[in-house]
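Work through the exercises below with the structure open beside you. Try each task before you read its solution.

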Amino acid sequence: MECMSLSDAMLSRKSIRGFLPNPVSQADIRSIVEMAIQSPSASNAQPWELAIITGAPLDEFNRRSVQAREQGVPINPDVAPADLFGDYMRRRKEVGIKVFQLLGVAREDMAGREEWNRKALRFFDAPVGIIIYTDASLERGRTDYDLGLLTENLCLAAMCYGLGTCIDQQALCYPDIIRDITGMSEDKRLTAAVALGYPDWDFPVNQLESSREPVDVVATWHGFD
């Protein structure tokens, strides 16, 4: 393995939402996880656990998740997404508009938009789905921050193997299905999900480049000449 520099990985990482069907070896995933768990955590608590799903269990998860949506089963994620407003909502909408433009899905094409939602439920049809979870008794503010660091490291480490990722919170909409398939106990809190696989660069949405605010919009400077 010959990995790109950290700066190159940080600047070129992007969310991949279309994957080739090629399987990813367990050895490569193990190496990626070994790098990811070098993440810092408060008091070195290392509060993370990972369930890595592929093959028949992933197929079952995808089928059952889509079926639950079709049947109108209410979503019940362990960690509900935050409400967005103002510039936060604007940025979200800008990305959504770009996604549907690249797909050629019109605003009024509800069937096309619904299919996209189902694809997100299915880990964007990646060959590997990763669930990142923790002990539900741990305080959320501190623990979720630690799991966020792990998730970012996981996404960067995957690039060393030519793999793409997408942090996919929609895959957590039906945690009972995940628990049933993986045998995960009720005292675990499912916090993040990551789709993993080889990018399909012919998939239109993989051409999306999301914008970032300039440094001077997000940072203030104190004590500098």
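**Exercise 1: One helix, two sides**

On the other side of α3 from its buried residues, which residues are exposed? Find them in this predicted model, then work out how the helix sits.

Solution.
- Step 1. Locate the helix. α3 covers residues 55-70, 16 residues in total. From first C-alpha to last, α3 reaches 23 Å, close to the expected 22 Å.
- Step 2. List the buried residues. In α3 they are Leu58, Phe61, Asn62, Ser65, Val66 and Ala68.
- Step 3. Look down the axis. The buried residues of α3 fall within an arc of 155°, so they line one face of the helix.
- Step 4. Turn to the other side. There, Ala56, Asp59 and Glu70 are exposed.
- Step 5. Find the packing partners. The buried residues of α3 pack against β1, α5, β2 and α7.

**Exercise 2: Pairing the cysteines**

Which cysteines form a disulfide, and why is Cys155 too far for a bond?

Solution.
- Step 1. Apply the cut-off: two cysteine sulfur atoms must lie within 2.5 Å.
- Step 2. Test Cys3 and Cys160. Their sulfur atoms are 1.8 Å apart, and they form a disulfide.
- Step 3. Place the pair. Cys3 lies in the segment before α1, and Cys160 in the loop between α6 and β3, so the pair ties together parts 157 residues apart in sequence.
- Step 4. Get the handedness. The S-S torsion is about -60°, so this disulfide is left-handed.
- Step 5. Test Cys155. The closest cysteine sulfur, in Cys166, is 8.3 Å away, too far for a bond.
- Step 6. Test Cys173. Its closest cysteine sulfur, also in Cys166, is 13 Å away, again too far.
- Step 7. Count. The total is 1 disulfide.

Terms used:
Residues are numbered from 1 along each chain as its sequence is written. This is a predicted model: local features need pLDDT of at least 70, side-chain atom pairs count only at pLDDT 80 or more; totals for chains, interfaces and linings use all residues. Side-chain values use heavy atoms; hydrogens and water are left out. Helices (H or I, at least four residues) and strands (E, at least two) are DSSP runs, numbered from the N terminus. The expected span of a helix is 1.5 Å times one less than its number of residues. Buried means under 20% relative accessible area, exposed over 50%, partly exposed in between (1.4 Å probe, protein chains only). The arc is that of the directions from the helix axis to the C-beta atoms. Contact means heavy atoms within 4.5 Å.
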